[in-house]
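Welcome to a short set of exercises with worked solutions. Have a look at the model below, then try each task before reading on.

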Amino acid sequence: MDGVYVGKAAVDAAGDNGWLLGHFKPEGDIRHSDEVEIKWGVHPRGERRAQWATGEKRTALLVLISGRFRMEFPEGDVVLANQGDYVVWARGVDHSWCAEEESVVMTVRWPSIPGYKVPGA
């Protein structure tokens, strides 16, 4: 079907560190976007971000699919414990995270910035 892509998040995410949609997909691929990035994150219990993300240039939304996931911000932590719990943070907000239990999360960031990568990510 033209203009339709059907996939499996866990399989497709493996190729781009979890990212399903964004500027990094090839031109002409329906999943290519300069406006938004979407990630399917599967995190084992105890996994944490290697270093804090600083100087973030995008707004982000993270939704808990399963597990228990802690987002860390300079002014305090947010624990997502129930399916559908979510947090949104603005551009410029430093952050990190930790999977308190085996967790699946979906992250949406906008815009999708070519060449932009958080150091250590």
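**Exercise 1.** Which residues does Thr59 touch, not counting residues up to four places away in sequence?

*Solution.* First, some ground rules: this is a predicted model, where local features need pLDDT of at least 70, side-chain atom pairs count only at pLDDT 80 or more, and totals for chains, interfaces and linings use all residues. Residues are numbered from 1 along each chain as its sequence is written, and side-chain values use heavy atoms, with hydrogens and water left out.

Step 1: locate the residue. Thr59 lies in strand β3; helices (H or I, at least four residues) and strands (E, at least two) are DSSP runs, numbered from the N terminus.

Step 2: list its partners. Thr59 touches Val88, Trp89, Ala90 and Arg91, and also Val108, Arg109 and Trp110. Contact here means heavy atoms within 4.5 Å.

Step 3: check its accessibility. Thr59 counts as buried because its relative accessibility is 16%. The classes are buried under 20% relative accessible area, exposed over 50%, and partly exposed in between (1.4 Å probe, protein chains only).

**Exercise 2.** Work out the strand order of the open sheet of five strands, and find its edge strands.

*Solution.* Step 1: read off the order. The five strands run β1-β2-β8-β3-β6, and their pairing is antiparallel. Two strands pair if DSSP finds at least two bridges between them.

Step 2: find the edges. β1 (19–21) and β6 each pair on one side only.

Step 3: add the twist. On average, neighbouring strands of this sheet are turned by 20° against each other, direction ignored. Axes are lines fitted to C-alpha atoms, for helices over the stretch in contact, and angles run from 0 to 180 degrees between N-to-C directions.

Step 4: look at one edge. Two bridges connect β1 with β2 (residues 37–43) in antiparallel fashion, and Trp19 stands opposite Lys39 in β2.

**Exercise 3.** Describe the open sheet of three strands and how β4 is joined to its partners.

*Solution.* Step 1: the order is β5-β4-β7, again with antiparallel pairing. The edge strands, each pairing on one side only, are β5 (76–80) and β7 (96–99). From one strand to the next, the twist averages 20°.

Step 2: take the β5 side. β4 and β5 are joined by five bridges, and a hairpin connects them through two residues. Phe73 has Gly76 as its bridge partner in β5, while Phe69 has Leu80.

Step 3: take the β7 side. Four bridges join β4 (residues 69–73) to β7, with Glu72 partnered by Ser96.

**Exercise 4.** Is β4 largely enclosed or open, and where does Arg70 fit in?

*Solution.* Step 1: count the buried residues. Five of the five residues of β4 are buried, so the strand is largely enclosed by the rest of the structure.

Step 2: separate the faces. In a regular strand the side chains alternate between the two faces of the sheet. In β4, Phe69, Met71 and Phe73 are on one side, with Arg70 and Glu72 on the other.

Step 3: zoom in on Arg70. With 16% relative accessibility, Arg70 counts as buried. The side chains of Arg70 and Glu72 are joined by a polar contact of 2.3 Å; such a contact is a pair of N or O atoms within 3.5 Å, and within protein one must be able to donate a hydrogen and the other to accept it, while residues adjacent in sequence count only if both atoms are side-chain atoms. Leaving aside neighbours within four places in sequence, the contacts of Arg70 include Arg48, Asp77, Ser96 and Glu100.

**Exercise 5.** Which residues make up the largest nonpolar core, and which strands supply at least two of them?

*Solution.* Step 1: recall the criterion. A nonpolar core is a set of buried Ala, Val, Leu, Ile, Met, Phe, Trp, Tyr and Cys residues joined through side-chain atoms within 4.5 Å.

Step 2: list the members. The twelve residues are Ala60, Leu62, Leu64, Phe69, Met71, Phe73, Leu80, Val87, Trp89, Trp97, Ala99 and Val105.

Step 3: assign the strands. β3 (59–66), β4, β6 (86–89) and β7 each supply at least two residues of this core.

Step 4: follow one member. Beyond four places in sequence, Leu62 has contacts that include Phe69, Met71, Leu80, Val87, Trp89 and Val105.
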